[in-house]
Structures are given as C-alpha cells and as structure tokens.
Amino acid sequence: MSVFQYKNVYAGYSKEMDVLHGISFSLEEDSRIALIGANGAGKSTIMKTISGLVPLREGEILYQGERIDTLWPHEIVRKGIIQVPEEGGTFPNLTIEENLNISCINKKAKSHFEANRDMVYDMFAPLKEKRHMMADSLSGGQRKMLSIGKAIMGEPEILLLDDISMGLAPKVVEDLYRQLKELVNHLKKPVLVVEQIMEIALQFADYGHVVQQGRIVLSGTSEELLNSEEVKRSYIGG
Ligand SMILES: Nc1ncnc2c1ncn2[C@@H]1O[C@H](COP(=O)(O)OP(=O)(O)OP(=O)(O)O)[C@@H](O)[C@H]1O
Ligand SMILES: [Mg+2]
C-alpha cells in the first residue's frame with residue numbers, strides 16, 4: 001500500500017466552483033514526485049488540501065491508510081506532513097534560531113533538535129551566521145532557506161515543496177535544489193515538489209504529473225516527461 005494516497009479529490013474556494021476536478025495520485029516510501037503545470041492549474045490548491053487549508057468537496061486523502069482530510073492543519077503538521085509554502089512560512093519578528101526552535105512540533109522532532117539544527121546550519125551557512133538576527137533581516141533566498149530549515153526541524157514524514165524557486169535568482173535556485181537533493185537522500189521520505197519551471201522539478205523528481213485546469217492530464221517518469229513533445233510544446237519554459 002502507498003504511504004500516501006490522494007484519491008479523486010474535488011475542491012475549490014467556493015461552493016459554486018471547483019478548482020480541482022477529480023485528482024488522484026499516490027506517494028511511495030522514498031519517492032520524489034513532481035506536480036507541474038501552468039499558472040493557475042491548481043498545484044498550490046492540491047498542496048493546500050493536503051495541509052488541511054482548503055477543504056475537500058469530494059474524495060479522500062490518506063496517510064498510512066488513515067484519512068487526514070478530516071483533521072485540522074496543526075494535527076496534519078504534527079503527523080510530519082510538512083509544507084514549505086509558496087509564500088511566507090517564517091516569522092519575521094523572531095530570530096532565525098527562534099524560528100527553527102518553534103518548528104519542533106512533536107516528540108520525535110524535539111528529541112532530534114540539536115542534530116537537525118546542526119544539519120540546517122551546515123546546509124545553509126547564512127542562517128548560521130545570522131542565527132541571532134531577526135528573520136526579517138534575511139534576503140528572499142535566505143528566507144526560503146529558513147522556511148526549508150523549519151520544515152527539516154519538524155522531522156518531515158512527507159515533505160511538500162511549493163514553488164520554492166519563485167522570485168529567486170537562477171543561481172540561488174540551483175544551489176537550493178542541490179542542497180535539497182542531499183537532504184532528501186538523507187531523509188529517505190516521500191517528497192512532493194511543485195514548480196512552475198518544470199525542468200527544475202523533473203530534474204529533482206523521479207516521476208511527475210502534469211496538472212491542467214484542475215485535472216492530471218499526463219503522468220510519467222521525469223525522463224519521459226522531459227522528452228515528451230507534448231510537454232515541450234506546452235510547458236517547457238513556462
Ligand atoms: N484564495 C483563493 N480564492 C479564490 N480562488 C483562488 C484562491 N487561490 C487560488 N485560486 C484560484 O484557483 C485556481 C488554481 O490556483 P492555484 O494557486 O492552485 O494554481 P497554481 O497551479 O499553484 O498556480 P501558480 O503556478 O501560479 O502558483 C486559480 O484559478 C486561482 O485563481
Ligand atoms: Mg502555486
């Protein structure tokens with residue numbers, strides 16, 4: 001059985017109009033799956049339903065065989081289903097270290113606090129340098145690092161990354177993903193990655209689903225999708 005199942009989900013922001021029209025996919029242990037698709041396709045909405053921020057109208061989300069779509073967002077996080085959101089994700093008026101400390105949300109995370117903090121500081125040197133400064137003193141790229149660092153401190157059982165490249169310089173993005181690859185190799189947990197720039201997502205993931213207007217229209221290994229004429233025509237570079 002898959003560790004995570006997203007089953008026939010319909011959801012949206014109002015009763016009258018669904019944004020997701022029957023989406024299904026699953027995550028296996030240690031798999032890296034990408035959701036790709038144009039602006040407004042519904043990728044972030046999928047992420048928000050997983051974290052309990054957008055309710056389902058129909059369908060189910062299961063983690064280890066149990067429904068999580070009936071839980072509150074904080075209960076979902078406590079299970080280790082942790083999202084690095086498209087925007088925000090850090091507390092600007094806390095120091096970097098305080099931001100990391102408060103992300104230890106369950107017993108397991110608390111017991112590994114020091115090792116995880118050292119790992120975050122090893123991965124992201126600027127965070128270590130500025131650890132006693134307020135988070136609002138960080139640059140955009142460094143704030144993303146902190147948001148990822150906070151997710152690591154929570155000991156993710158499933159890591160959700162929503163468009164972490166947004167607004168960052170290409171070099172910063174390249175570095176971030178290189179470090180994330182190392183991290184994920186170490187974590188050995190499923191990762192769901194959303195990116196508007198699909199080459200980035202598919203170079204990181206093993207398998208991908210193309211989302212178009214709230215439906216999955218194509219699925220395949222990253223290699224298949226990167227070589228697909230249809231994908232190249234419709235999505236590469238945009
Ligand atoms: N808070 C909201 N209230 C109402 N509609 C919303 C809200 N957030 C998103 N939508 C709509 O839902 C649809 C899907 O948006 P979503 O943010 O999931 O797309 P996305 O694939 O993440 O796009 P992007 O690549 O731009 O981040 C869009 O039509 C969008 O306008
Ligand atoms: Mg989005």
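## A walk through a two-domain predicted model

Let's start at Lys-128, which sits in helix 6 (residues 125-129); helices here are DSSP runs of H or I with at least four residues, strands are runs of E with at least two, and both are numbered from the N terminus. This is a predicted model, in which local features need pLDDT of at least 70 and side-chain atom pairs count only at pLDDT 80 or more, while totals for chains, interfaces and linings use all residues. Residues are numbered from 1 along each chain as its sequence is written, and chains are lettered from A and ligands numbered from 1 in the order in which they are written.

Lys-128 counts as partly exposed because it has 15 C-beta neighbours inside 10 Å. The cut-offs: a residue is buried with 20 or more other C-beta atoms within 10 Å of its own, exposed with 12 or fewer, and partly exposed in between, with C-beta atoms placed from the backbone. Between the C-alpha atoms of Lys-128 and Asn-99 there are 12 Å, though the two are 29 residues apart along the chain.

Zooming out, the chain has 11 helices and 10 strands, and 39% of its 238 residues count as buried. Its C-alpha atoms fill a box of roughly 45 × 40 × 35 Å along the principal axes. The radius of gyration is 17 Å, which agrees with the value near 18 Å for a compact globule of 238 residues; it is taken over C-alpha atoms, and the globule rule is 2.2 Å times the number of residues to the power 0.38.

The domain assignment gives domain 1 (4-80 + 156-234) and domain 2 (84-146), with bounds from an automatic or database assignment. Where they meet, 15 residues of domain 1 are in contact with 9 residues of domain 2, contact being C-beta atoms, placed from the backbone, within 7 Å. On the domain 1 side, helix 8 gives the largest share, 4 residues. That side divides into 9 nonpolar, 3 polar and 3 charged residues. Here Ala, Val, Leu, Ile, Met, Phe, Trp, Tyr, Cys and Pro count as nonpolar, Asp, Glu, Lys and Arg as charged, and the others, Gly among them, as polar.

Now the inside. The largest nonpolar core has 59 residues, and Ala-34, Leu-160, Leu-161, Val-193 and Ala-201 touch the most other members. Such a core is a set of buried Ala, Val, Leu, Ile, Met, Phe, Trp, Tyr and Cys residues joined through C-beta atoms within 7 Å. Helix 7 (residues 140-153) gives the most to this core, 6 residues. Leaving out residues up to four places away in sequence, Ala-201 touches Ala-34, Ile-36, Val-193, Glu-195 and Gly-208.

Around ligand 1 (C-beta atom, placed from the backbone, within 6 Å of it) you'll find 12 residues split into 3 nonpolar, 7 polar and 2 charged. Among them are Lys-43, Ser-44 and Thr-45. Those three are also buried residues of helix 1, where 8 of 8 residues are buried. After helix 1 comes Gly-52, with a positive phi near 80°.

Two residues other than glycine have a positive phi too:

| Residue | Phi | Place |
|---|---|---|
| Asn-8 | about 50° | strand 1 (residues 4-11) |
| Gln-213 | near 45° | loop between strand 9 (207-212) and strand 10 (215-221) |

Asn-8 is partly exposed, with 14 other C-beta atoms within 10 Å, and Gln-213 is partly exposed with 13 C-beta neighbours inside 10 Å.

Notes: Two residues are in contact if their C-beta atoms, placed from the backbone, lie within 7 Å.
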